[in-house]
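Reader: Could you take me on a close look at one part of this model? I would enjoy a connected walk through a single residue and its surroundings.

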Amino acid sequence: MQSNIYTFYKTRLSKRKSKIIVLIICIIVMTLTVSTLYKRLFQNHPITTWENADEVIPKSLIKKVVTKKFTRYLDISSIKVMQISSNASGNLYIFDYGSPQLCGAGGCLYSVYNSDGNTLLEFIANPKLPKSQKLIKIGVNVNQGFPCLNITQMTDTDKLLSQTEFCYQNGNYVPLNKNFITEKK
């Protein structure tokens, strides 16, 4: 039996077979590397997108949110929501009502709710920002299981933006830091 193993090791693979084996090994290594990098990148920086509320969240939560707004003609199909996972604290839901009744000169109403339907933050914001900026970003800091939220807004000064960091404290989001950045072209 040992002689068979020795003979197997001494047998040379053809050049074509050895190139195929090397190619397969390279593909496997690259696939593992890319998947590991992808998981690490998007684990720390979740992708946040606006989706139709009636397609993403439970109907009972939509009903709670809509009844709190006292607007007779709030069209549920126009409500967008951004769903954010939090560390062992359930999901967060950021609502963009898409309703002229909830907009004014300073912008439109946005609300942040938890999975239980509790209001954690409400703010007025103007969604019109440079294309390179997002209205709401998930921050790197986490407090009491909830991620901090960074809200970007235009200022009265040309090409100057404000970014306010809101972090969770004792049942609500509170503003902690405010930074000013210049718009990059």
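Author: Happily! A polar contact is a pair of N or O atoms within 3.5 Å; within protein, one must be able to donate a hydrogen and the other to accept it, and residues adjacent in sequence count only if both atoms are side-chain atoms. With that in mind, the backbone nitrogen of Gly98 lies 3.2 Å from a polar atom of the Asp96 side chain.

This is a predicted model, where local features need pLDDT of at least 70, side-chain atom pairs count only at pLDDT 80 or more, and totals for chains, interfaces and linings use all residues. Residues are numbered from 1 along each chain as its sequence is written, and side-chain values use heavy atoms, with hydrogens and water left out.

Asp96 belongs to strand S3 (residues 91-96); strands are DSSP runs of E, at least two residues, numbered from the N terminus. Asp96 is buried without a salt bridge, and Lys80, the nearest side chain of opposite charge, is 8.2 Å away. Here buried means under 20% relative accessible area (1.4 Å probe, protein chains only), Lys and Arg count as positive and Asp and Glu as negative, with His and the chain ends not counted, and a salt bridge needs a side-chain nitrogen of Lys or Arg within 4 Å of a carboxyl oxygen of Asp or Glu.

Leaving aside residues up to four places away in sequence, Asp96 touches Trp50, Ser78, Ile79, Lys80 and Tyr110, contact meaning heavy atoms within 4.5 Å. Two of these names return in an aromatic cluster formed by Trp50, Tyr110 and Phe123; rings of Phe, Tyr and Trp (its six-membered ring) pair if their centres lie within 6.5 Å, and planes under 30 degrees apart count as stacked, over 60 as edge-to-face and the rest as tilted. Both Tyr110 and Phe123 are buried.

Technical notes: Helices (H or I, at least four residues) and strands (E, at least two) are DSSP runs, numbered from the N terminus. Buried means under 20% relative accessible area, exposed over 50%, partly exposed in between (1.4 Å probe, protein chains only).
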